[in-house]
Amino acid sequence: MSRATCMTRSRGPSRGCRTWCWCLSWSTQSSCLRPSSCSKRTCPWAASRVAPLPLNSSLSRSPATSRPLGPLLLTAPPGMKEGVERTAYFKAGCELARSLQKNAALPVDAFKGVMLGEPAAGASEVSCLEWADEQEKLSNSALYSYYWKQSVNSAHTSSLITVLPPYDTFSDKAKALVDTARKSVDEFSAQFPGFSAECYLPMAIEVDAEALTAGRFPFVISATLLVIFGSIGIRYRAALIPIKWLFTIALPILFTFGCGVLVFQDGWLNWTGIPSLQSQGGLVWINPVACSFMLVGFALDYDLFIFSRIYDERKKGRFLQDRDAIVHSVVAAGPVITTADIIMALAFIGMVVQHDNPFLCQMGFTMILGVLVDTFIVRTLLVPALLQAAGKLNWWPGTMPSAAAGDQRQVFLDADTV
């Protein structure tokens with residue numbers, strides 16, 4: 001029996017379908033229901049007649065609950081005539097709910113389903129019902145019969161259990177709940193061989209995507225920098241370029257993300273009262289992934305403007321000293337690069353002005369700070385300083401014209417040249 005990982009996150013008109021969605025079946029070939037779209041309060045399900053409505057022994061909560069619910073689908077073994085209407089089926093569903101409630105430390109009243117009763121005051125575990133109790137309710141309560149039809153499919157082979165966590169299911173606390181839910185499925189599988197359980201948890205998609213991205217990101221960014229630095233080093237026949245760019249591109253980007261941690265995790269700018277710059281508990285995990293490659297592109301672009309001009313001035317012999325070529329190139333190209341950087345920083349202000357989306361706030365802050373650091377610190381101070389300090393190593397193994405090599409041409413730097 002295998003634990004399924006068909007976990008999905010649907011987006012709708014509201015912030016998202018914050019639901020715990022489980023599918024539990026006896027057979028490994030069961031066709032579990034899949035979420036198709038989101039409404040404000042419930043998750044509709046494709047190709048099914050079941051709806052995620054809260055159901056318990058007293059029907060004390062209406063479907064229009066203030067927080068979205070999540071279904072767990074429990075399917076009876078194929079060929080079983082009674083299907084859902086069996087004591088064994090009710091026992092299996094009850095044990096699954098109890099396992100999750102125990103491992104996740106959820107309130108006992110967070111679980112609703114056809115086999116679950118209304119917990120007594122002060123109860124420490126989920127209350128369970130017998131099939132005989134359900135038969136009586138189906139016979140005597142038209143309202144209960146209606147909800148039974150909404151929670152049990154037409155073939156009477158599966159039913160839904162809803163789980164209502166007492167916190168936002170897109171919060172950091174919900175991330176730990178993903179592993180806990182999967183652990184509960186494993187425990188249930190060991191206790192009830194033949195059943196298979198599938199958990200439809202919105203946060204699970206994000207947790208799995210984060211883990212996959214974190215594992216691949218170091219290799220992707222390393223390969224990207226290796227190809228870029230290597231290609232340009234070969235183009236200019238200068239071995240020092242990759243090392244220089246480690247200081248002028250990679251380190252400033254790390255500095256930018258470090259500032260993001262200070263702002264959005266440690267709250268260094270809370271005193272400003274600006275909503276978008278308040279502490280958010282840390283950086284959104286996708287922020288470094290989304291911003292790193294853009295920052296590399298911007299930094300590389302502007303750094304290459306300066307370096308290519310210096311290289312051209314020295315290669316043509318217009319300047320016989322590195323210092324003269326560096327000063328002239330920074331003076332000539334600096335205003336254009338500065339203007340372009342400022343325009344780029346202004347383009348990201350819209351992300352910081354709004355504060356409803358934490359990721360956009362953090363991305364806007366990261367891009368604005370990264371571009372400004374590159375404009376007024378890296379390109380203006382760091383790049384010229386490193387080029388001047390490296391001297392002839394800037395062009396090694398290549399060479400540049402010099403007065404020592406017999407080239408005594410006089411260079412006049414007039415207003416037109418600048």
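This passage describes the salt bridges and the second largest pocket of a predicted model.

Eight salt bridges are present in the structure, and among them are two contacts made by Arg98, which joins Glu95 and Glu125 in a network of salt bridges. Within this network, the side chains of Glu95 and Arg98 approach to 3.9 Å, N to O; the two residues stand three apart in helix 1 (residues 87–104), and are therefore separated by about one helical turn. The contact between Glu125 and Arg98 has its closest N and O atoms 3.5 Å apart, and this pair links distant parts of the chain, since Arg98 belongs to helix 1 whereas Glu125, 27 residues apart from Arg98, is found in the loop between strand 5 (111–113) and helix 2 (131–140). Glu95 is partly exposed, at a relative accessible area of 22%, as is Arg98 at 23%, and Glu125 is likewise partly exposed, at 42%.

A further salt bridge is formed by the side chains of Arg182 and Asp208, with an N to O distance of 2.7 Å. Arg182 is located in helix 4 (residues 172–191) and Asp208 in helix 5 (residues 202–236), so that the pair ties together parts of the chain 26 residues apart in sequence. Arg182 is buried, with a relative accessibility of 12%, whereas Asp208 is partly exposed, with a relative accessible area of 32%.

The second largest pocket encloses about 270 Å³ of space. Its lining comprises 13 residues, with Arg314, Lys392, Trp395, Met400 and Ser402 lying nearest the centre; by class, five of the lining residues are nonpolar, five are polar and three are charged.

Conventions. Residues are numbered from 1 along each chain as its sequence is written. This is a predicted model: local features need pLDDT of at least 70, side-chain atom pairs count only at pLDDT 80 or more; totals for chains, interfaces and linings use all residues. Side-chain values use heavy atoms; hydrogens and water are left out. On a 1 Å grid over the protein atoms alone, a cavity is a set of points where a 1.4 Å probe fits but cannot get out, and a pocket is an open set with protein on both sides within 12 Å along at least five of seven lines; lining residues have an atom within 4 Å of a point. Grid points are joined across faces, edges and corners, and a volume is the space filled by probe spheres set on the points. Ala, Val, Leu, Ile, Met, Phe, Trp, Tyr, Cys and Pro count as nonpolar, Asp, Glu, Lys and Arg as charged, and the others, Gly among them, as polar. A salt bridge is a side-chain nitrogen of Lys or Arg within 4 Å of a carboxyl oxygen of Asp or Glu. Helices (H or I, at least four residues) and strands (E, at least two) are DSSP runs, numbered from the N terminus. Buried means under 20% relative accessible area, exposed over 50%, partly exposed in between (1.4 Å probe, protein chains only).
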